[in-house]
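Reader: I am new to this structure. Please take me through one part closely, the contact between the chains, and then show me how salt bridges and burial look elsewhere.

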Amino acid sequence: MLVCAGTGCRASSSDMLYKNLNKELKEHDLQDDVQVVETGCFGFCEKGPIVKVIPDNTFYVSVTPEDAKEIVAEHALKGRQVERLLYVDPVNKKHISDSKGMGFYKKQIRIALRNCGLIDPESIDEYLAADGYEALGKVLSEMTPEEAIQEMIDSGLRGRGGGGFPTGVKWQIASKVEGDQKYVVCNADEGDPGAFMDRSILEGDPHSVLEAMVINGYCIGATKGLIYIRAEYPLAIERLKIAIRQAREYGLLGTDILGSGFDFDVEIRYGAGAFVCGEETALIHSMEGERGEPTFKPPFPAQSGYLGMPTNVNNVETFANIPVIYNKGAKWFASIGTEKSKGTKVFALAGKINNVGLIEVPMGITLREVIFEIGGGIKDGKKFRAVQTGGPSGGCLTDKHLDTPIDFDNLIEAGSMMGSGGMIVMDEDDCMVSVAKFYLDFTVEESCGKCSPCRVGNKRLYELLEKITQGKADKEDLDNLRNLSMVIRDTSLCGLGQTSPNPVLSTMDNFMEEYDAHVEDQRCPAGSCKELIRYEIIPENCVGCTACARNCPVNCIAGERKQLHTIDQSLCIKCNACFEKCKFNAVAIV
Amino acid sequence: MTKIKSLADLKKKKEDLQSKIALREKSDTPEGRVLVKVAMATCGIASGSKEVMEYMVDELDKRNIDAIVTQTGCMGYCYAEPTIEVKLPDQEPVVYGYVDTRKADEIIEKYIRNQELVDGIIPVNYQTIEKDKEE
Ligand SMILES: Cc1cc2nc3c(=O)[nH]c(=O)nc-3n(C[C@H](O)[C@H](O)[C@H](O)COP(=O)(O)O)c2cc1C
Ligand code: SF4
Ligand code: SF4
Ligand code: SF4
Ligand code: FES
Ligand code: FES
């Protein structure tokens with residue numbers, strides 16, 4: 001019997017259930033025949049606690065500690081399922097007796113990550129055994145470039161690097177432009193704070209990206225591929241190098257690939273980890289040895305890219321999807337997802353969430369399912385506040401967006417964006433003004449400085465936010481904040497500046513009352529802005545244990561043993577140590 | 001290494017590799033062979049999967065257990081790193097999370113030797129795609 005001991009189920013007493021099951025088994029003298037094992041989260045927390053019985057794959061949901069008796073007496077002893085605890089199929093209202101057929105509780109579908117965690121990334125043989133390079137073989141020997149591009153268009157795949165541009169259309173454009181030497185570029189810069197989807201794909205399945213790049217080359221008539229990867233990803237680089245070497249040895253890169261007469265080879269280029277170098281024009285300049293600064297589009301890379309030649313840029317995850325599309329068909333791929341966003345998206349789930357990790361979900365899933373089921377809910381039973389998607393270019397979504405199906409267009413409509421897939425969850429202790437400030441800090445640091453709205457404007461935005469978090473701002477500052485945001489958005493040269501005000505605008509749209517509290521009452525509702533909070537000792541609760549005083553780094557807490565302690569506000573640096581150390585709830589943040 | 005020269009070549013190579021892998025899982029001992037995969041992406045290594053991998057290789061060898069230990073990429077359970085997958089002959093693979101050398105020892109002694117499950121199983125929470133078939 002597998003009992004879920006994930007945080008979600010534990011919160012609804014799965015540990016008691018675990019104890020009770022063991023106790024009941026002992027009473028029936030079954031402890032040597034049936035084993036009770038604690039597991040991690042099943043990704044189905046909403047219906048927790050979960051008990052799965054193997055080998056018959058019975059899946060019990062919402063099991064209470066009291067149910068242990070019946071499960072042991074019926075299932076363990078007599079081999080009869082406890083019907084009332086079985087999961088009820090929401091569609092046909094039937095009890096599901098064998099969880100093998102319960103694919104729908106598994107909210108994740110792994111397409112881009114299909115081989116990650118399954119094959120050895122340093123072995124091309126394992127990739128080949130998992131249908132590797134078969135899509136390439138098929139495309140080279142059975143399809144014309146036009147047919148292969150059409151397949152891409154029909155699949156509905158859109159770029160996973162942030163913009164969501166239809167990949168097939170992009171290839172078609174690049175294929176039609178004339179050029180002596182065309183290039184395929186893989187964008188592995190991955191600069192969003194907290195994002196590691198592309199790194200994980202390159203570390204877990206580098207060949208899938210190589211295979212897709214060769215297909216891309218065949219489609220648009222390019223014979224050279226370049227992977228632009230940040231030097232901070234040493235393991236990904238190492239595995240890519242091994243993969244390239246192996247693919248060359250097998251003749252899957254090089255000349256006359258699979259006897260088709262088509263030549264293609266791949267080189268790695270290193271980036272120094274500047275966020276703006278993920279922008280495709282800046283990336284190309286960086287590879288040319290120029291400064292990593294964006295230039296105005298048009299001309300698009302397809303018209304004039306690397307060394308002035310037609311260049312197709314796609315993201316790592318976009319590429320990772322491609323071999324499967326040819327193996328299983330465009331129709332299959334287009335059957336997953338929403339009307340305008342097909343397939344799946346990989347997200348790096350982080351922040352105040354129980355199951356931090358890498359997930360791949362079909363487009364159209366709701367934030368609620370991602371956060372409260374796959375993600376296992378909010379840490380420490382706190383309240384959900386917001387979720388940030390799209391990194392520094394995105395925005396914060398709230399309660400009211402929890403049931404919005406996630407896809408490219410819905411996220412933009414909700415004031416955020418898909419971005420490359422960072423998803424940071426925030427709870428009641430996070431101050432939304434500070435969150436906006438955090439991203440602005442990042443943007444100010446990463447702005448390349450080429451154009452003034454972004455270089456100067458973002459700095460001013462940051463200063464305004466700082467003023468607000470210090471309680472020194474007035475109403476006019478709020479108006480200025482919004483106006484300046486609009487100006488930066490409308491007048492910046494590249495995507496970085498055009499989207500940098502999004503964290504400000506979206507938090508203003510969704511959490512205006514928090515801005516108002518900072519400005520009108522000099523109060524931080526989340527209790528996180530240092531200038532606006534005070535630590536106080538509650539006399540009724542303080543037992544005089546001295547823990548706070550001993551841990552105060554500036555020795556500003558006075559008080560004898562077993563006596564009431566007091567804080568000298570003029571010296572306090574608001575380090576939070578006393579709050580953390582007091583076991584008697586006697587330190588309050590006011 | 002010989003080059004693969006055509007699609008037919010590629011398909012043949014794949015079949016060879018697949019049967020080789022199937023054979024490897026069977027092995028010649030009556031108990032069959034144990035397969036252990038260690039998640040070795042950046043986050044796994046940062047939480048100690050390298051030590052776990054070395055420990056597994058050394059200890060399985062020392063304790064005379066016929067096993068193959070390989071590395072793999074991110075399984076997605078970053079919160080539970082280091083993670084390893086253990087596949088006993090003729091059984092579904094089982095993933096264990098939060099594996100340190102102590103846990104690894106427990107897994108070897110209890111699960112691998114006696115097929116007795118150990119706490120800390122991470123249930124598979126995603127669907128995989130049928131790779132070969134066109135639908
Ligand atoms: C400031 C900025 C940063 C970007 N960073 C990345 C990145 O790290 N990785 C990426 O693939 N695309 C990034 N992009 C998007 C690229 O410009 C480009 O659209 C993308 O690589 C195209 O690939 P796709 O169509 O497969 O998404 C960034 C764009 C901007 C404006
Ligand atoms: S918007 Fe910012 S990052 Fe982009 S070109 Fe202008 S200064 Fe550089
Ligand atoms: S730690 Fe809490 S109870 Fe102890 S002296 Fe400080 S305030 Fe009082
Ligand atoms: S917040 Fe830090 S500095 Fe202030 S009283 Fe508490 S321990 Fe001392
Ligand atoms: S299903 Fe049990 S904690 Fe998620
Ligand atoms: S990188 Fe280890 S599980 Fe994600």
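Author: The contact between the chains comes first, followed by salt bridges, a strand residue and a helix.

This is a predicted model, in which local features need pLDDT of at least 70 and side-chain atom pairs count only at pLDDT 80 or more, while totals for chains, interfaces and linings use all residues. Residues are numbered from 1 along each chain as its sequence is written, chains are lettered from A and ligands numbered from 1 in the order in which they are written, and side-chain values use heavy atoms, with hydrogens and water left out.

Start with the contact. Chain B gives 51 residues to it and chain A gives 67 residues. Contact means heavy atoms within 4.5 Å. The two chains bury about 5000 Å² between them, 53% of it on carbon and sulfur atoms. Buried area is the accessible area (1.4 Å probe) that two parts lose on being put together, summed over both.

Chain B and chain A share 24 residue pairs in polar contact, both residues at pLDDT 80 or more. A polar contact is a pair of N or O atoms within 3.5 Å; within protein, one must be able to donate a hydrogen and the other to accept it, and residues adjacent in sequence count only if both atoms are side-chain atoms. There are 2 salt bridges between the chains. A salt bridge is a side-chain nitrogen of Lys or Arg within 4 Å of a carboxyl oxygen of Asp or Glu. One joins B:K14 to A:D131, with the closest N and O atoms 2.6 Å apart.

On the side of chain B that touches chain A, the elements giving two or more residues are α1 (7-26), α2 (42-46), β2 (67-72) and β5 (126-128) of chain B. Helices (H or I, at least four residues) and strands (E, at least two) are DSSP runs, numbered from the N terminus. The largest share, 9 residues, comes from α1(B). This side of chain B divides into 23 nonpolar, 11 polar and 17 charged residues. Ala, Val, Leu, Ile, Met, Phe, Trp, Tyr, Cys and Pro count as nonpolar, Asp, Glu, Lys and Arg as charged, and the others, Gly among them, as polar.

Now the salt bridges elsewhere. Over all chains the structure holds 45 salt bridges. A:E317 pairs with A:K345, the closest N and O atoms being 2.6 Å apart. This pair links distant parts of the chain: A:E317 sits in helix α12 (residues 316-328) of chain A and A:K345 in strand β12 (residues 344-351) of chain A, 28 residues apart. Both A:E317 and A:K345 are buried. Buried means under 20% relative accessible area, exposed over 50%, partly exposed in between (1.4 Å probe, protein chains only).

In chain B, B:E109 forms a salt bridge with B:R113, at 3.1 Å between the closest N and O atoms. Both lie in helix α4 (residues 101-114) of chain B, 4 residues apart, about one turn of the helix. B:E109 is partly exposed because its relative accessible area is 28%. B:R113, at 40%, is partly exposed too. Salt bridges that share partners join B:E59, B:K62, B:R63, B:D105, B:E109 and B:R113 into one network.

Next, a strand residue. A:N187 lies in strand β8 (residues 183-188) of chain A. It is buried because its relative accessible area is 12%. Beyond its neighbours within four places in sequence, A:N187 is in contact with residues including A:D198, A:Y228 and A:G278.

Last, the helix. In α17(A), the buried residues include A:P453, A:C454 and A:G457. Just after α17(A), A:G471 takes a positive phi of about 75°.
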